[in-house]
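This report describes a single chain together with its ligands. It takes up the ligand shells, then the helices, then selected residues.

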Amino acid sequence: MKDLSSRTKKWLLIGLPLLVIGSVFLFMQYERTSTTHYCGTTCHIMKAPYETSFHSVHRETNGVGCKDCHIPHDNILEQIIYKGYSGARDYYKNTFAQPDVLLTKEWSKKILQRNCIRCHSTVVARINTSDGKQCFDCHRGEPHDTRPQTFSTQTVYTPIR
Ligand code: HEC
Ligand code: HEC
Ligand code: HEC
């Protein structure tokens, strides 16, 4: 019994600091991969959205980064899952299958819509959004231009539906 508890103590002594260091490391990585600079410059395919956002009121110097629109902010669990999913997907596409068109998926649209409303709730309080119309159906140019964008040898644009 004495033996076991001393072994347990040993594990705790090694394990706890490791756990703390590991968590801090993971948290720092999470933060690092959430910056607009990281999201916009790590992958070629993000060049166009990154550059167009400079010309928008929705730019980092106005306090609005990529993650403020593209990552959920009302559900921490969904935030972690979505970040992992979309990060892995973007990474895969960028490395193995660079697309001509970056299509916005349904999940992504839902998140975008919720984020528009999150920040602009006072302005849009009287807008009826129950018909499924999205903010960005009308506000097409925010924050990415609607014109075709070029990078490398391909044309990339965020499609107008
Ligand atoms: C103001 C909110 C907002 C900000 C900030 C923003 N975006 Fe977007 N983004 C949108 C909207 C809206 C669309 C288009 C939705 C549609 O066409 O249906 C979009 C589309 C995209 C797409 C197309 C595919 C997809 O995943 O939806 C990419 C890629 C993208 N943005 C990357 C970025 C990057 C990188 C940044 C930071 C430099 C950024 N965005 C900042 C709102 C935003
Ligand atoms: C993180 C908060 C945030 C999010 C998310 C956000 N906005 Fe904004 N938006 C702002 C700020 C800050 C401004 C600057 C003007 C202001 O003071 O309202 C702005 C300005 C605007 C304007 C005025 C544009 C202009 O040229 O003056 C429109 C339209 C707009 N947003 C629509 C949207 C739409 C559509 C979405 C979702 C795709 C969205 N916003 C998401 C914070 C946000
Ligand atoms: C049916 C089209 C339509 C829809 C849907 C729509 N808007 Fe607008 N919105 C407009 C028009 C038109 C204006 C006024 C003209 C302008 O300033 O661009 C406006 C104005 C605004 C402004 C003020 C812009 C400024 O210059 O001060 C904001 C912010 C905004 N909308 C956000 C949103 C958000 C968030 C949503 C989603 C809940 C939304 N809008 C849905 C058409 C729409």
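Helices α4 (66–70), α6 and α7 each contribute two or more residues to the shell around ligand 2. The model is a predicted one. Of these contributions to the ligand 2 shell, that of α6 is the greatest, at 6 residues. The shell around ligand 2 holds 17 residues, the closest being D68, N115, C116, C119 and C135. By class, this ligand 2 shell comprises 8 nonpolar, 6 polar and 3 charged residues.

## The other ligand shells

Ligand 1 is surrounded by 23 residues, and P49, C66, C69, T104 and F136 come nearest to it. At least two residues of the ligand 1 shell come from each of α2 (36–41), α3 (47–54), α4 and α6. Here α4 gives the most, with 4 residues.

Around ligand 3 lie C116, I117, H120, V123, V124, I127, T129, K133, C135, D137, C138 and H139. Two helices, α6 (106–120) and α7 (135–138), each supply at least two residues of that shell.

The table sets out the three shells by residue class.

| Shell | Nonpolar | Polar | Charged |
|---|---|---|---|
| Ligand 1 | 11 residues | 9 residues | 3 residues |
| Ligand 2 | 8 residues | 6 residues | 3 residues |
| Ligand 3 | 7 residues | 3 residues | 2 residues |

## Chain as a whole

The chain contains 7 helices and 2 strands. In sequence order the elements run α-α-α-α-α-α-α-β-β. The chain has 161 residues, of which 11% count as buried. Among contacts in the chain with a separation of 6 or more, 69% join residues 24 or more positions apart.

Nonpolar side chains tend to be buried together in soluble globular proteins. In this model the largest nonpolar core consists of 5 residues: C39, I45, M46, C66 and C69. One of these, C66, is in contact with T36, C39 and G40 once neighbours within four places in sequence are set aside. C66 and C69 are also among the residues that come nearest to ligand 1.

## Helix α6

What span should the 15 residues of α6 have at 1.5 Å a residue, and how far apart are its end C-alpha atoms? The expected span is 21 Å, and the end C-alpha atoms are 21 Å apart, so the two agree.

Three residues of α6 are buried, namely I111, N115 and C116. Because they cover an arc of only 140° around the axis, they lie on the same side of α6. On the other side of the helix, E106 and K110 are exposed. The buried residues of α6 pack against α4, α5 (76–96) and α7.

Two of those buried residues also belong to the ligand shells: N115 and C116 are among the closest to ligand 2, and C116 is one of the residues around ligand 3 as well.

Is N115, in helix α6, buried or exposed? N115 counts as buried because it has 20 C-beta neighbours inside 10 Å, and 20 is the number at which a residue is classed as buried. Leaving out residues up to four places away in sequence, N115 touches D68, C69 and H73. N115 and K67 are 48 residues apart in sequence, while their C-alpha atoms are 9.8 Å apart in space.

## Helices α5 and α3

Y82 is part of helix α5. With 17 other C-beta atoms within 10 Å, Y82 is partly exposed; that class lies between the limits of 12 or fewer for exposed and 20 or more for buried. Beyond residues up to four places away in sequence, Y82 touches I71, P72 and I111. From Y82 to I71 the C-alpha distance is 7.1 Å, at a sequence separation of 11 residues. I111, another of the residues touched by Y82, is one of the buried residues of α6.

In α3 the buried residues are A48, P49, T52 and S53. Their arc around the axis is only 130°, which puts them on the same side of α3. P49 is also one of the residues that come nearest to ligand 1.

Definitions and conventions
Residues are numbered from 1 along each chain as its sequence is written. Chains are lettered from A and ligands numbered from 1 in the order in which they are written. This is a predicted model: local features need pLDDT of at least 70, side-chain atom pairs count only at pLDDT 80 or more; totals for chains, interfaces and linings use all residues. A nonpolar core is a set of buried Ala, Val, Leu, Ile, Met, Phe, Trp, Tyr and Cys residues joined through C-beta atoms within 7 Å. Two residues are in contact if their C-beta atoms, placed from the backbone, lie within 7 Å. A residue is near a molecule or strand if its C-beta atom, placed from the backbone, lies within 6 Å of it. Ala, Val, Leu, Ile, Met, Phe, Trp, Tyr, Cys and Pro count as nonpolar, Asp, Glu, Lys and Arg as charged, and the others, Gly among them, as polar. The expected span of a helix is 1.5 Å times one less than its number of residues. The arc is that of the directions from the helix axis to the C-beta atoms.
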